[in-house]
Amino acid sequence: MDTLQSIGLGTMGIDDPETIARAIELGYSHLDTAQIYDNERVVGQGVERSSLDREELFVATKVWIDKLAPKAVVDSTEASLGRLGMDTVDLLYVHRPRGDYEPAETLPAFDELRDSGHIEHVGVSNFTVPQLERARDHLEAPIFANQVEYHPLYQPEAALEDAREHEYYLVAYSPLANGRAGDIPEVVEIANKHNATPQAICLAWLTAKDNVVAIPKASSEAHLRANLEAADLELDPEDHDAIDGIEREEEIFPE
Ligand SMILES: NC(=O)c1ccc[n+]([C@@H]2O[C@H](COP(=O)([O-])OP(=O)(O)OC[C@H]3O[C@@H](n4cnc5c(N)ncnc54)[C@H](OP(=O)(O)O)[C@@H]3O)[C@@H](O)[C@H]2O)c1
């Protein structure tokens, strides 16, 4: 399977193509957008302004819940491609299994888009294990990724086990707890020990896990750079145990 960069760029809230172009220059090659972020055009313009060719990048977008009837899947994906200025996306997700989502109807439309070359891979997002099982019954393509909320305060272990068992990526969204990393005492303590930031600790902890990649959102050059570098930080086994053992469960984006 294609190898996903361990730290990709979450683009929710980024509305300046220069941020995207700068991120690419710094080394980001996995870009994550969605129809609902209303910035696919911004992402496309950033790619266009960067010095990398489209083929060197991995671009993912997501179909929103009101576009999950079969014809709407196809039409809205074509519209996404138009806004991105691309012939194809590397990964297309079902954003949430809600709204017009009907596995037997929605997922064949994703297969159709793959057969026609509009998309390279099929992904799902915010799926539980039973929803993943049901999806596999209706999808010809292998699931390439399940994108779920994953940070020290919300750890979806069952989803990770499924990703490992069926050999696909778990893409961790809101990996910095949506800006709250510095409020988690266990993480702050480990950051002090390694002379690193709490944000770097979250990313080092996540990306050390098999099958997991993370997509922090950042806008400043300093944050963009620091997050990429965090993948090189190695934590001690007891650091991993301490974060794995955090029992507070605070989901930022519940259903
Ligand atoms: N599939 C879904 O349903 C879903 C839902 C939510 C999010 N997502 C995806 O996940 C991505 C990331 O999630 P998120 O935006 O919720 O939160 P996040 O990545 O956990 O946190 C982003 C926040 O952290 C700050 N930050 C970034 N790097 C930092 C650093 N090194 N030091 C200090 N602060 C730092 C950012 O500030 P600055 O911007 O000022 O740098 C921003 O305020 C989204 O952009 C989106 O692509 C997907």
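Trainee: What makes the pair between Ser174 and the ligand a polar contact?

Mentor: In this predicted model, a polar side-chain atom of Ser174 lies 2.8 Å from an oxygen atom of the ligand. The cut-off for a pair of N or O atoms is 3.5 Å, so the Ser174 pair counts as a polar contact.

Trainee: Why is the pair of Asn126 and the ligand called a polar contact too?

Mentor: A polar side-chain atom of Asn126 lies 3.0 Å from an oxygen atom of the ligand. That value is within 3.5 Å, so the pair qualifies.

Trainee: What about the backbone of Thr11?

Mentor: A backbone N or O atom of Thr11 lies 3.3 Å from an oxygen atom of the ligand. This is within 3.5 Å, therefore a polar contact.

Trainee: How much of the ligand does the protein cover?

Mentor: The protein covers 85% of the 920 Å² of accessible area that the ligand has on its own.

Trainee: Which residues are closest to the ligand, and how many surround it?

Mentor: The ligand has 28 residues around it, the closest being Ser174, Asn178, Lys217, Ser219 and His223. The shell holds ten nonpolar, 14 polar and four charged residues.

Trainee: Which pocket does the ligand take up?

Mentor: The ligand occupies the largest pocket, with a volume of about 600 Å³. Its lining has 32 residues, and among those nearest the centre are Met12 and Ile215. Helix H9 (residues 221-230) gives the largest share of that lining, four residues.

Trainee: Where does Asn126 lie in the second largest pocket?

Mentor: The second largest pocket holds about 300 Å³ of space. Asn126 is one of the residues closest to its centre, out of 19 that line it.

Definitions and conventions
Residues are numbered from 1 along each chain as its sequence is written. This is a predicted model: local features need pLDDT of at least 70, side-chain atom pairs count only at pLDDT 80 or more; totals for chains, interfaces and linings use all residues. Side-chain values use heavy atoms; hydrogens and water are left out. A residue is near a molecule or strand if one of its heavy atoms lies within 4 Å of it. A polar contact is a pair of N or O atoms within 3.5 Å; within protein, one must be able to donate a hydrogen and the other to accept it, and residues adjacent in sequence count only if both atoms are side-chain atoms. Accessible areas come from the Shrake-Rupley method with a 1.4 Å probe; for residues, only the protein chains shown count as cover. On a 1 Å grid over the protein atoms alone, a cavity is a set of points where a 1.4 Å probe fits but cannot get out, and a pocket is an open set with protein on both sides within 12 Å along at least five of seven lines; lining residues have an atom within 4 Å of a point. A molecule sits in a cavity or pocket if more than half of its atoms lie within 2 Å of its grid points. Ala, Val, Leu, Ile, Met, Phe, Trp, Tyr, Cys and Pro count as nonpolar, Asp, Glu, Lys and Arg as charged, and the others, Gly among them, as polar. Grid points are joined across faces, edges and corners, and a volume is the space filled by probe spheres set on the points. Helices (H or I, at least four residues) and strands (E, at least two) are DSSP runs, numbered from the N terminus.
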